[in-house]
Amino acid sequence: MKLAQFKTKTSDEARLGKLENGVIVDITEVAPTMLDFIHKGSAAVQAARGVTPKTAYAPDAVEYLPAVNAGKVLAIGRNYVDHAIEGGSEPPKAPMIFCKFLNSLTGHNQPVTLHAISEKIDFEAELAVVIGRRATKVSQEDALNYVFGYACLDDVSARDLQFADGQWVRGKGLDGFCPLGPFITTRDEIADPQSLKIEGILNGEVMQSSNTDKMIFNVAYLIHYITQGITLEAGDVIATGTPDGVGVFRNPPVLLKDGDVFEVKIDGLETLRNSFVNP
């Protein structure tokens, strides 16, 4: 099942919908928000499957909200060997974890502001993992049972801030810098999260093209590793890292500018698309 949070063109009320036969069927009667839906677990999934399509919308006729109002977003740096190499770094021996702030969450098709405090803003296509229930000290073997679903994510990065600060939180946590969505695809529809083609596309040109089988630390290991000391709650998001091809390490660099459109495309998931605009 593919689930989205959205608003209609005529109302500011948040709605919840499922993608079915090419339209978004309103299932707000099951749960008012994605987080409520996740907390209800399999009962909500079963109820949503039984909703009669009384109210439905064309996918391009709604305003998308971030796919989930996550409690926290934990992101993984340099999790693809080729990306570490293109940046002149050794592949890490353990997952490199940083945070993206909740103010950075942005919906599909929403404009992302190119903040004036940065002159080097970059794109990063990533697979996002949405946690389905409280997870603490989880074994690697059991880790995927804690996943609710998967979505596309763009880890937008102000490279000059990131490199000057010596740590990544500010450069990657600015307002709007975490587009997420448009839908969360439930775990049952993704047989193997480590066999998905992933692409980052800038203004129609493929800039990043790889496969999640090239992750250094796979999804199950990341959940295991994080939960040894950080409890993950239902609705939390893990951004699993980006493959090579980002703009800052190209020659010459390709950085985001006013009017650019970046898409994240991953097998089995709906494409995430955002425009970038000057303040």
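This tour proceeds from the whole chain to its cores, two helices and several individual residues. The model is predicted.

**The whole chain**

Begin with the entire chain in a cartoon view. Its secondary structure comes to 6 helices and 19 strands. Along the principal axes, the C-alpha atoms fill a box of roughly 55 × 45 × 25 Å. The radius of gyration is 18 Å, which agrees with the value near 19 Å that a compact globule of 279 residues would have.

Next, display the molecular surface. The accessible surface of the chain comes to about 11600 Å², and 49% of this area belongs to carbon and sulfur atoms. Buried residues make up 53% of the 279 residues in the chain. Contacts across the sequence may also be considered here: among those between residues at least 6 apart, 75% join residues at least 24 apart.

**The largest nonpolar core**

Hide the surface and select L127, V129, I223, I238, L256 and I266. These are the residues with the most contacts inside the largest nonpolar core, which has 44 residues. Then colour the elements that give two or more residues to this core: the strands β6 (73-77), β11 (125-131), β12 (147-154), β15 (197-202), β18 (261-266) and β19 (272-277), together with helix α6 (219-226). Which element gives the largest share of this core? That share, 5 residues, comes from α6.

Centre the view on V129. Leaving aside residues up to four places away in sequence, V129 touches V147, G149, Y150, V219, I223, D236, V237, I238 and T240. Another core, of 33 residues, lies apart from the largest one; M1, V130, C178 and V237 are among its members.

**Helix α6**

Select residues 219-226 and show their side chains. The buried residues of α6 are V219, A220, L222, I223 and I226. They cover an arc of only 165° around the axis, so they are on the same side of α6. To see what covers these buried residues, add strands including β6, β7 (96-100), β11, β12 and β17.

Now move to the start of α6 and add N218. A side-chain oxygen of N218 reaches to within 3.3 Å of the backbone nitrogen of A220.

**Helix α2**

Select residues 42-49, which form α2. Where on this helix do the buried residues fall? A44, V45 and A48 are the buried residues of α2. Viewed down the axis, they fall within an arc of 100°, so they line one face of the helix. Adding β2 (15-20) and α1 (34-40) shows the elements against which these buried residues pack. Rotate the helix to view the face turned away from its buried side: this face carries the exposed residues S42, A43 and Q46.

**Two cis peptide bonds**

Select G181 and P182 and display the backbone atoms. The peptide bond from G181 to P182 is cis, with omega near -5°. P182 lies in strand β14, which spans residues 178-186.

Continue to N251 and P252, which are also joined by a cis peptide bond; here omega is about 0°. P252 lies in the loop between β17 (237-239) and β18.

**Two asparagines with positive phi**

Select N21, in the loop between β2 and β3 (23-26). Although N21 is not a glycine, it has a positive phi of about 55°. Is N21 buried or exposed? Its relative accessibility is 77%, above the 50% cut-off, so N21 counts as exposed.

Select N109 next, in the loop between β8 (105-106) and β9 (112-113). The phi of N109 is near 70°, again a positive value in a residue other than glycine. N109 is partly exposed because its relative accessible area is 40%, which falls between the cut-offs of 20% and 50%.

**A buried serine**

For the last stop, select S210 in strand β16, residues 205-211. S210 is buried, because its relative accessible area of 10% is under the 20% cut-off. Which residues does S210 touch? Not counting residues up to four places away in sequence, S210 touches Y80, L196, K197, I198 and P243. Showing these side chains together with S210 completes the tour.

Key
Residues numbered from 1 in each chain as written. Predicted model: local features only at pLDDT ≥ 70, side-chain atom pairs only at ≥ 80, totals over all residues. Heavy atoms only, no water. Buried < 20%, exposed > 50% of the residue type's maximum accessible area, 1.4 Å probe, protein only. Helix = DSSP H or I, 4+ residues; strand = E, 2+ residues; numbered from the N terminus. Arc of directions from axis to C-beta. Contact = heavy atoms within 4.5 Å. Core = buried A, V, L, I, M, F, W, Y, C linked by side-chain atoms within 4.5 Å. Rg over C-alpha atoms; globule rule 2.2 N^0.38 Å. Areas by Shrake-Rupley, 256 points an atom, 1.4 Å probe, with all protein chains shown as cover. Polar contact = N/O pair within 3.5 Å; in protein donor to acceptor, adjacent residues only side chain to side chain.
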